[in-house]
Amino acid sequence: MSNSDEITIPPKSKRLKHENEDKLSDLPDCVILHILSFLNAKEVVRTCILSPRLKNLWKSIPTLVLHSTNFSTFKSFTKFVSKILTLRDGSIALHALDFERIGSIEPHLLKRIVNYAFSHNVQRLGISVKGDICHILPCISSCRTLTSLKLSVSPKGRHNYGRTLFPKSLNLPALTTLHLGNFAFCASDKDKTEPFSAFNKLNSLVIDNCTVKDAQILCISSKTLVNLTMRNHSSDLYKIELSAPSLCTFAFTGTPYQKLCGNNLSSVKQVNIDAEMLSNYTEPPLVLLSWLLELANIKSLTVSASTLQVLSLIPDLLKDKLTSLCNLKSLKVQLKPLSYGLSMTLRTAKFQKEFKAGSEPSSPIPDGIVDFLIQNSPSAEVDIIDCSRFGGSFDNLPPFPMSSIFPQFLQPSSREPVVDDLRQRIQQLEQAVLEVQQYIQLAHEEISRERDEMSAIQGHMSMLSKTLAALKRQMQTMGLWQ
Amino acid sequence: MAAEKSSIKIITLIAADGSVFEVEPNIVKEMKTVQSYIDELDQNTVSIPLPNVFGNDLAMIIEYCKKHASEEETKEAKEEFDFEFVKRMKSDDKLRLLQAASYLNMESFLQFMAKAIAAEIENQSVEFVRDYFQIESDFTPEEEAELRKENEWAFK
């Protein structure tokens, strides 16, 4: 080695494999634990019987994924949770705990889990439960190591639409990721609530099915926030005020009811919207349009086809000029099956239109809407992604070539020798058989699609009537309905 | 930061089978094993033999690093790349790349491979997992039964 630049990194382990060596032998324990930390805790413990090396390795697991769905009974789940908290090596820090229990949870069990997590310096904590979590909020509210928190609390009982009040005094200085499900934010200042301003390092925020209480404005103010995701179907009337100078991406799933406002939304570069409507109301399409006007400087817009359908419900939308979206570089449209609520709405809207003007072809993307969106950025790249919906209808099937086949079969040509003539007719018949098979195949698909749709509509119908009945019952008990 | 301080422009990586890869310093930033050697040097070029990584694997790792180091690529494009990257790999490739990632001390790539492997053994039987890692059980049936009994709360 004459070149002084040459250096050698010595091999860490032997290169030659012994015959009885398995694929894990070359890997240090920490790497194996890394693989295991992506599995749910039940599977992690079960690796103990794989080999002597793995017999006790699970006790060092740095993450715990505890989901009740992995257990057949609540009793076996509770026992598992209790056992693993006792037997896990307590000297090892717990990086992450993800606890999910669909159904109610005993307060002392939840408290024990949360206490364990915090006494082992948990950094990422996820808790999804049904019921009350007020007794654990004080422990959470002053955790200095927490970088990621997911709290999703479904209300107890079937017909309770209540939400947990989001505590005002959370002191989580290291928090970068926050995911909240089913919370209500209380007004702090007149009619305004500003729940996130105390998190000085917040980078990503997910607000899932949350609302405000006694407030008209939900103010999301954060100097550091980069990603904001909202999922919401609630028609509660309030405004969302964005005061986040670093905000780069905004994603929304649900029905747009709340208007966005903010002094400076020009930092937002990417917007993903999957809008939908369960019935025909006038507000959501208009709110959706107002968002696109507010988020004027975005470079990339990804929308579902249903978003465009919702937008197209604005009467005479295409006649107006769009005043925003001048810097759009990319528009992506994701084709997905429409929800039944929305497709019913669209059908009704279409029928109403058809009475006025002649019928028009139904298409997953409304005519002219893509051009409408890119009218101020004609060079934007447009991508239509993945067509998962079966698009054909009977009109699109190839015409059945009945007339072209039969006369030839019935009248043998007199000009050609008999054998050739027969051969030709056999060929034609085979071709005809193929075409008929293809036609039957397509017709089958069409029929089963129609049947699926029919049963889905029936399902939708019965769900609607059940909800209606439940609501009536509830109102009756409250004495509001006679 | 270390790469900015030194004047290295091109790094030559030599795989176990002798194949040579020339890469820019930002590509190897993720490879802490390599980076620690570079940090001690102050030359324009440097070549580093990696006797534990084969050419094919190193090519894939570099492809991954290039994509993820790029500032032009969107997060979405990177995610799609990751998806396709894992899709074209067999189980053996994943385990070899995990080993390489462990040897090169690449945090996020290690995480990525560990997750891909975990996805394969998730919800599988003990026999499948043993087969997957080619583990010959050293436990006698009695010992295994004993272990199952000891941890019966996890085998329900």
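How far is the sulfur of Cys248(A) from the closest cysteine sulfur? In this predicted model, the closest one belongs to Cys326(A), and it lies 19 Å away, too far for a bond. Let's start with the cysteines, then, and work our way through the rest of the structure.

A disulfide is a covalent bond between the sulfur atoms of two cysteines. To be counted here, the two sulfur atoms must come within 2.5 Å of each other. Cys143(A) does not meet that cut-off, because its sulfur is 9.9 Å from the closest cysteine sulfur, in Cys139(A). The surroundings of these two examples can be described as well: Cys143(A) is buried, at 7% relative accessible area, whereas Cys248(A) is partly exposed, at 27%. Over all chains, the structure holds zero disulfides.

Now step back to look at chain A as a whole. You will find 11 helices and 19 strands in it. Of its 482 residues, 43% are buried. Among contacts in chain A with a separation of 6 or more, 65% join residues 24 or more positions apart. On the outside, chain A exposes about 26000 Å², and 55% of that comes from carbon and sulfur atoms.

Helix 1 of chain A, residues 29-36, is a good place to zoom in. Its buried residues are Val31(A), Ile32(A), Leu33(A), Ile35(A) and Leu36(A). An α-helix has 3.6 residues a turn, so residues three or four places apart point the same way. What covers the buried residues of helix 1 includes helix 2 (41-46) of chain A, and chain B contributes helix 6 (91-104) and helix 7 (107-121).

Some of these helix 1 residues also turn up around a cavity. The structure has one cavity of 30 Å³ or more, and the largest cavity holds about 50 Å³ of space. Its lining includes Ile32(A), Ile35(A) and Leu36(A), each of them a buried residue of helix 1. Leu24(A), Thr47(A), Leu50(A) and Leu54(A) line the cavity too, along with Phe133(B) from the other chain named here. By type, the lining divides into seven nonpolar residues, one polar and no charged.

Finally, take a look at chain B, where Val20(B) sits in strand 2, residues 20-23. Leaving aside residues up to four places away in sequence, Val20(B) touches Thr12(B), Leu13(B) and Ile14(B). Asp131(B) is 111 residues from Val20(B) along the chain, and their C-alpha atoms are separated by 34 Å.

Technical notes: Residues are numbered from 1 along each chain as its sequence is written. Chains are lettered from A and ligands numbered from 1 in the order in which they are written. This is a predicted model: local features need pLDDT of at least 70, side-chain atom pairs count only at pLDDT 80 or more; totals for chains, interfaces and linings use all residues. Side-chain values use heavy atoms; hydrogens and water are left out. Buried means under 20% relative accessible area, exposed over 50%, partly exposed in between (1.4 Å probe, protein chains only). Helices (H or I, at least four residues) and strands (E, at least two) are DSSP runs, numbered from the N terminus. Contact means heavy atoms within 4.5 Å. Accessible areas come from the Shrake-Rupley method with a 1.4 Å probe; for residues, only the protein chains shown count as cover. On a 1 Å grid over the protein atoms alone, a cavity is a set of points where a 1.4 Å probe fits but cannot get out, and a pocket is an open set with protein on both sides within 12 Å along at least five of seven lines; lining residues have an atom within 4 Å of a point. Grid points are joined across faces, edges and corners, and a volume is the space filled by probe spheres set on the points. Ala, Val, Leu, Ile, Met, Phe, Trp, Tyr, Cys and Pro count as nonpolar, Asp, Glu, Lys and Arg as charged, and the others, Gly among them, as polar.
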